[in-house]
Amino acid sequence: MMIRIRSRDGLERIQVDGPHISISQLKTLIESQLQISIQNQTLSTDKNLLLVKTPADLIRFTDMADPCTLLSALNLSHGSIIYLYYHGERTVRGGPAVSPAGSFGRKMTMDDLIAKQTRITRQESPHCDSVSFDRDCAYAFQRYVNETLAFAIKRGGFMYGTISEEGRVEVDFIYEPPQQGLEDDLILLRNPEEEKLVDAIAAGLGIKRVGFIFTQTIMQGKKDYNFSNREVLQVAELHAESGLKEWVTVVVKLEANEDGAADVHFEAFQMSDMCVELFKEGWFVTEFGEDDDPKLSKMKKDVVVGGKDVKEVDNDFFLVVVKIFDHQVKCRLYISIRLMLTTP
């Protein structure tokens, strides 16, 4: 039986005897096949494990904490995905082969040398300390996509607010530009003149554009990713365009709660510095095929991830988690302007 292990190094596979083995035995196999010591392993079926920022956050992931639990008890079978967080570094078996150069082989170009030195690693800390939403602003946005669009198509908008000296972002209204929402894509039909007008109104209120918010559809929620490759490309472009190191991206989605009902969730991220820089330099493949895995972003050249040369990078490598709060603005004019400028 094959189990897929997704970690910060991407997706790997291990062979197990069957679903009757315990978590303790699984960890032993991971140590043997992936060279990660048992004491450094934290396992979970929750993909959010890969987004933890500190070891203290690991206590939330308890579904695979009991070493005696059998895989079958967790409904894990052939091809199932388990998420792995580990401390420290590792040596990846089967790392990149050394290619000869010079007169005995292919000569390396300057682009080859740069690519060999481009390592994709996780950025631990965001430049944005936190993001706080005006409650009415957040409610108006999620109510429209929930009650009117029923999360069947995507919707997005630019967030306006303030940035403190400490890097705290406060969002007071959302401008939704002309757009075409699809099930797995969001096409912004941007109007420069309209955006100048919105920016001017915002400036008069002492606020500015601080980020982008978008929704994921119900069908996207059934897939195994935080951001799709299309979303990474779009939000990286907007982040690069902004020129703000504190620029924040917020995703709104439906998630099932413990009672089986659906709740609306807001999650905040920044795109990593590496992601924005790679976009600016044109490293991302911008065309998507039907067979492409949406969890992976394609690169035009090899990059190094976890000691391996790859051209596909797990999208989670580009995400930096941002804390999210709410507040109440004192002036309801903010909400009125948002509603007047929203495009149906």
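Are Glu-176 and Arg-155 buried or exposed? Both of them are buried, and the legends below show where they sit, along with some of their neighbours in the fold. This is a predicted model, in which local features need pLDDT of at least 70, side-chain atom pairs count only at pLDDT 80 or more, and totals for chains, interfaces and linings use all residues. Residues are numbered from 1 along each chain as its sequence is written, and side-chain values use heavy atoms, with hydrogens and water left out.

**View 1. The whole protein, to get our bearings.** The protein has 8 helices and 15 strands; these are DSSP runs numbered from the N terminus, with helices being H or I of at least four residues and strands E of at least two. Of its 344 residues, 45% are buried (under 20% relative accessible area, with exposed meaning over 50% and partly exposed in between; 1.4 Å probe, protein chains only). Among contacts (heavy atoms within 4.5 Å) with a separation of 6 or more, 68% join residues 24 or more positions apart. About 17200 Å² of the protein is exposed, and carbon and sulfur atoms supply 52% of that area (Shrake-Rupley method, 1.4 Å probe; for residues, only the protein chains shown count as cover).

**View 2. Helix α3 from cap to exit.** Helix α3 covers residues 135–148, and its 14 residues should span 20 Å at 1.5 Å a residue (the expected span is 1.5 Å times one less than the number of residues). Its end C-alpha atoms are 19 Å apart, which agrees. At the N-terminal end, Asp-134 acts as the cap, with a side-chain oxygen 3.3 Å from the backbone nitrogen of Asp-136. Look along α3 for its buried residues: Cys-137, Ala-138, Phe-141, Gln-142 and Val-145. After the helix comes Ala-150, which has a positive phi, near 55 degrees.

**View 3. A buried pair between two loops.** Here the side chains of Glu-176 and Arg-155 form a salt bridge at 2.9 Å, N to O (a side-chain nitrogen of Lys or Arg within 4 Å of a carboxyl oxygen of Asp or Glu). This pair links distant parts of the chain, 21 residues apart: Glu-176 is in the loop between β7 (168–175) and β8 (179–181), and Arg-155 is in the loop between α3 and β6 (156–163). By this rule, the count of salt bridges comes to 16.

**View 4. Strand to strand across the sequence.** Lys-308 and Glu-12 meet through their side chains in a salt bridge of 3.7 Å, N to O. The two are 296 residues apart, with Lys-308 in strand β14 (residues 308–314) and Glu-12 in strand β2 (residues 10–15). Lys-308 is partly exposed at 26% relative accessible area, whereas Glu-12 counts as buried at 9%.

**View 5. A salt-bridge network around helix α4.** Asp-199 and Arg-209 form a salt bridge at 3.2 Å, N to O. Asp-199 lies in helix α4 (residues 192–204) and Arg-209 in strand β10 (residues 208–215), so the pair ties together parts 10 residues apart in sequence. Asp-199 is partly exposed at 33% relative accessibility, while Arg-209 is buried at 14%. Both belong to a network of salt bridges that links Arg-190, Glu-195, Asp-199, Arg-209 and Glu-241.

**View 6. A nonpolar patch on the surface.** Leu-182, Ile-187 and Leu-189 make up this patch, with about 220 Å² of accessible area together (patch residues have over 30% relative accessible area and no salt bridge; like charges are joined within 9 Å, and nonpolar side chains, Val, Leu, Ile, Met, Phe, Trp and Tyr, within 5 Å). Ile-187 lies in strand β9 (residues 186–188) and is partly exposed, with a relative accessible area of 33%.

Technical notes
A polar contact is a pair of N or O atoms within 3.5 Å; within protein, one must be able to donate a hydrogen and the other to accept it, and residues adjacent in sequence count only if both atoms are side-chain atoms.
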